[in-house]
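Subject: Structure handover and notes

Hello,

Here is the structure I said I would pass on. My notes follow below it.

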Amino acid sequence: MTYLPNETRYASMQYRRSGRSGLKLPAVSLGLWHNFGGVDTFSNSREMVLRAFDLGITHLDLANNYGPPPGSAEETFGQIIEKDLRPFRDELIISSKAGYTMWDGPYGDWGSRKYLVSSLDQSLKRMGLDYVDIFYHHRPDPETPLEETMQALDFIVRSGRALYVGISNYPAEKTREASKILKSLGTPCLIHQPKYSMFERWVEDGLLQTLQEEGIGCIAFSPLAQGLLTDKYLGGIPAGSRASKAHGFLRPAHLTEEKLTKVRKLNELAQSRGQTLAQMALAWVLRHEAMTSVLIGASKVQQIEDAVAALSRLDFSTEELQQIETTLR
Ligand SMILES: NC(=O)c1ccc[n+]([C@@H]2O[C@H](COP(=O)([O-])OP(=O)(O)OC[C@H]3O[C@@H](n4cnc5c(N)ncnc54)[C@H](OP(=O)(O)O)[C@@H]3O)[C@@H](O)[C@H]2O)c1
């Protein structure tokens, strides 16, 4: 059946400017790390991407290695593009990345120009695209000179393979250096993608401030701590959940009693605000003015709907924020 997007898709989504760039991103973006691979059900992956677009989620985030197997999330997405979204390419911001292990030998990992350019060429082929909107270096490389990696990103834009570039998992100081090099090359860094949630707060220790000073946007990944910051694990590990899957990155060992006690308290606070815990966890990340978007994952359409509904209650009282701090301590 021909896909026809919801005509009201832009009515309620909020769009936030990424740093001091011209690009706005939806406050909620969808990542294809889990549940879009070759091991997953195509019809469900497709339904989630299309529902996201119908809700105004114009930004979809991928990487070379998403799957499993690595590369298969880009292939799945390529099929959805081909089947449904090709006519809407100009309404979409599609990102990919390279930086983690992708193929054997010395050229399929880290941050060399050789790896970044050839990996992006492979990604474009898998997705059936001429260009991505944002291309990221996925993690800092301790050995490759930062100049080489940043020159590769600049080249990628100049050669038409990407419109903007970003970095992910870079600490504050390295972010500042990367930003300086990119500015000098004439390809400013659009966005940084760090892990950030109530359970993972390293960005508060300098990175957010650096991003604001440099005019770089911020898109927080795993804002729900892979599902831990929802009510789903309060009664054990449900079948089909990420923690139950052998290839899931959330392991049962991460579900400690200490964490679950906090989740229980946070869940009560969310209920008192008239929200699900997932919604409160997303609103909490979005409270920073430096935050452009929360990058969620999903295994079901309903989780995407739940996340977007968080946008109707983003404010926190000082008391609520204090209660969250006390719970997290
Ligand atoms: N740059 C990087 O290094 C990096 C690293 C990791 C991720 N990322 C990006 O960030 C994206 C999101 O990461 P993530 O998937 O870890 O994000 P997340 O939003 O923290 O976790 C998503 C998972 O939480 C569960 N969930 C979501 N909504 C729920 C709800 N309403 N109720 C109950 N459970 C709910 C689902 O798990 P179930 O499957 O159990 O239902 C879902 O798969 C990735 O897709 C990727 O694009 C980037």
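How many bridges join strand E9 to strand E10, and in which sense do the two strands run? E9 and E10 (residues 293-296) are joined by 3 bridges and run parallel. Please keep in mind that this is a predicted model.

**Strand E9 and its partners**

Within the pairing with E10, Ala-220 has Val-294 as its bridge partner. E9 also pairs with strand E8 (residues 189-193), again in the parallel sense, over 2 bridges. There, His-192 stands opposite Cys-218 of E9. Between these two strands the chain passes through helix H6 (residues 207-214), and the resulting β-α-β crossover is right-handed.

E9 covers residues 217-221, and 5 of its 5 residues are buried, so the strand is largely enclosed by the rest of the structure. Both of its faces are covered: Gly-217, Ile-219 and Phe-221 are buried on one side, and Cys-218 and Ala-220 on the other.

**Helix H8 and the core**

The buried residues of helix H8 pack against E9, as well as against helix H7 (257-272), E10, helix H9 (301-309) and helix H10 (318-328). H8 is itself mostly covered, with 10 of its 10 residues buried; among them are Gln-279 and Trp-284.

The largest nonpolar core holds 88 residues, and Ile-134, Val-165 and Ala-281 have the most contacts inside it. H8 (residues 277-286) gives the most to this core, namely 9 residues.

Setting aside neighbours within four places in sequence, Val-165 is in contact with Ile-134, Phe-135, Leu-153, Ile-156, Val-157, Leu-182, Thr-187, Cys-189 and Leu-190.

**Helix H3**

Helix H3 has 15 residues (113-127), which at 1.5 Å a residue should span 21 Å; the C-alpha atoms at its ends are 21 Å apart, so the two values agree.

Which residues of H3 are buried? They are Tyr-115, Leu-116, Ser-119, Leu-120, Ser-123, Arg-126 and Met-127. These residues lie on the same side of H3, because they cover an arc of only 120° around the axis. The spacing fits the general rule: an α-helix has 3.6 residues a turn, so residues three or four places apart point the same way.

The buried residues of H3 pack against helix H2 (72-85), strand E5 (93-98), strand E6 (132-137) and helix H4 (146-158). After H3 comes Gly-128, with a positive phi near 70°.

Regards

Technical notes: Residues numbered from 1 in each chain as written. Predicted model: local features only at pLDDT ≥ 70, side-chain atom pairs only at ≥ 80, totals over all residues. Helix = DSSP H or I, 4+ residues; strand = E, 2+ residues; numbered from the N terminus. Expected span 1.5 Å × (residues − 1). Buried ≥ 20, exposed ≤ 12 C-beta atoms within 10 Å, placed from the backbone. Arc of directions from axis to C-beta. Contact = placed C-beta atoms within 7 Å. Core = buried A, V, L, I, M, F, W, Y, C linked by C-beta atoms within 7 Å. Pairing = 2+ DSSP bridges. Right-handed = clockwise from strand over helix to strand, strands pointing away.
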